[in-house]
Amino acid sequence: MVEDLDPTSPDAGVPAHYGDPMREQRLLDTAVGLVDRSHRDVLAVPGAERAGWLHTLTTQHLAGLSAMQGSELLVLSPHGHVEHHAFVTEDGTTAWLDTEPGAGAGLLRYLEMMRFFTKVEPRDATAEIAVLSLVGPGAAELFPDLAAPRVGAVPGPKFAAGSVPPEATSHYAVRPFEGGLARRVPLGVDLLVPRPAKDAVIAKLGVPPAGLWAYEAIRVAARAPRLGRETDHRTIPAEAGFMAAAVHLDKGCYRGQETVARVHHLGRPPRRLVLLHLDGIATDHPPAPGTPVELDGRAVGFVGTGTRHHELGMIALAVVKRNVPDDARLTVGDSAAAIEA
């Protein structure tokens, strides 16, 4: 049985599960499963100056991005708040940006506004390209030629200029696959394939399917943030777990860089991303996105994504005030909640 997501959900259009969400979670946790994430928005950025142009607009070091490399990036507001998050995959002629469903139009508007006389031609490619994800430790066996993600360690508060080379940042290996691209990412391997070939690619791979419910549970347990869930209009990169993968700390000026640098040097972001364990006694349903996290009846944060994990039980990613102690007795709705330190 295939169950689709609620049509009012931003994730509508892909299967929620295939009959047994917990079995599908175990598959993604211990072996490999294929998750249809074709609801993600995709932009294409061809043009001779695309790498340098994206480098100047985003938080990532992309000036030297080569063919068959990928990375992650953020677009920030002038005050350093997170406006867009995307994976970028370079094939030698085009940079492909895949982002959250519904977020592509806003990102494309920004890119078009910043073109000026640059030799780039950004366009919406969602109708051309579908994203499929192979999640789990077994994904590496299917693509042994893709190196593990190379994520440079975030340097100390007083890091020396030039101490973080561009190649030390989050660059993911990419290779051609079935007319598209295969990209190694932290949770496994993403495939960017021509949308008309999606069903044929799924059939040829022969990997057991898993729904988005299972994917989200694995993502939450891995503390991987998601734009629009673990972010709000005030989020800065250091609050939501974006720094290591999506922010390069030793590159030229970009919009919002002052806030990134200030918080990095002071080490005091106003909020932080945490994994919450919920007692699950008061309700069988995970908390909805945006549910307040309270301490002594006072709101100290919000839930981004809540889920039921096959081993951890009811869990949630939340953003809370930095000064909330790890041993605080929190509540989320009618449920008691504890931070995993």
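Contact is taken here to mean heavy atoms within 4.5 Å, and on this basis the packing of two helices was examined in what is a predicted model. In helix H1 (residues 21–30), the residues Pro-21, Glu-24, Gln-25, Leu-28 and Asp-29 meet Trp-213, Ala-214, Tyr-215, Ala-217 and Ile-218 of helix H6. Sorted by character, the residues of this contact comprise 7 nonpolar, 1 polar and 2 charged. Two packed helices are described by the angle between their axes and the distance between the axes. For H1 and H6, the angle is about 50° and the axes lie 8 Å apart, an arrangement that makes H1 oblique to H6, and the crossing of the two helices is right-handed.

Helix H6, which spans residues 212–221, is mostly covered, with 8 of its 10 residues buried. The buried set consists of Leu-212, Ala-214, Tyr-215, Glu-216, Ala-217, Ile-218, Arg-219 and Val-220, and it therefore takes in residues that count as under 20% in relative accessible area. Among the buried residues of H6 are Ala-214, Tyr-215, Ala-217 and Ile-218, and these four also take part in the contact with H1. Beyond the helix, H6 is followed by Arg-223, a residue whose phi is positive, near 60°.

Aromatic pairing was considered next, and a search of the whole structure finds 2 such pairs. In one of them, the rings of Phe-87 and Tyr-172 have their centres 6.4 Å apart and their planes at 40°, so that the pair is classed as tilted. This pair links distant parts of the chain, since Phe-87 belongs to strand E6 (residues 82–90) and Tyr-172 to strand E10 (residues 172–177), with their positions 85 residues apart in the numbering. Phe-87 counts as buried because its relative accessibility is 12%, and Tyr-172 likewise counts as buried, at 1% relative accessibility.

In the other pair, the rings of Phe-143 and Phe-177 have their centres 5.6 Å apart, and because their planes stand at 70° the pair is edge-to-face. Here, too, distant parts of the chain are linked: Phe-143 lies in the loop between helix H4 (139–142) and E10, whereas Phe-177 lies in strand E10, 34 residues apart from Phe-143. Both Phe-143 and Phe-177 are buried. Strand E10 thus contributes a residue to each of the pairs, Tyr-172 in the pair with Phe-87 and Phe-177 in the pair with Phe-143.

Notes
Residues are numbered from 1 along each chain as its sequence is written. This is a predicted model: local features need pLDDT of at least 70, side-chain atom pairs count only at pLDDT 80 or more; totals for chains, interfaces and linings use all residues. Side-chain values use heavy atoms; hydrogens and water are left out. Buried means under 20% relative accessible area, exposed over 50%, partly exposed in between (1.4 Å probe, protein chains only). Rings of Phe, Tyr and Trp (its six-membered ring) pair if their centres lie within 6.5 Å; planes under 30 degrees apart count as stacked, over 60 as edge-to-face and the rest as tilted. Axes are lines fitted to C-alpha atoms, for helices over the stretch in contact, and angles run from 0 to 180 degrees between N-to-C directions. Angles under 35 degrees count as roughly parallel, over 145 as roughly antiparallel, 65 to 115 as roughly perpendicular and the rest as oblique. A crossing is left-handed if the near helix is turned anticlockwise from the far one by less than a right angle, and right-handed if clockwise. Ala, Val, Leu, Ile, Met, Phe, Trp, Tyr, Cys and Pro count as nonpolar, Asp, Glu, Lys and Arg as charged, and the others, Gly among them, as polar.
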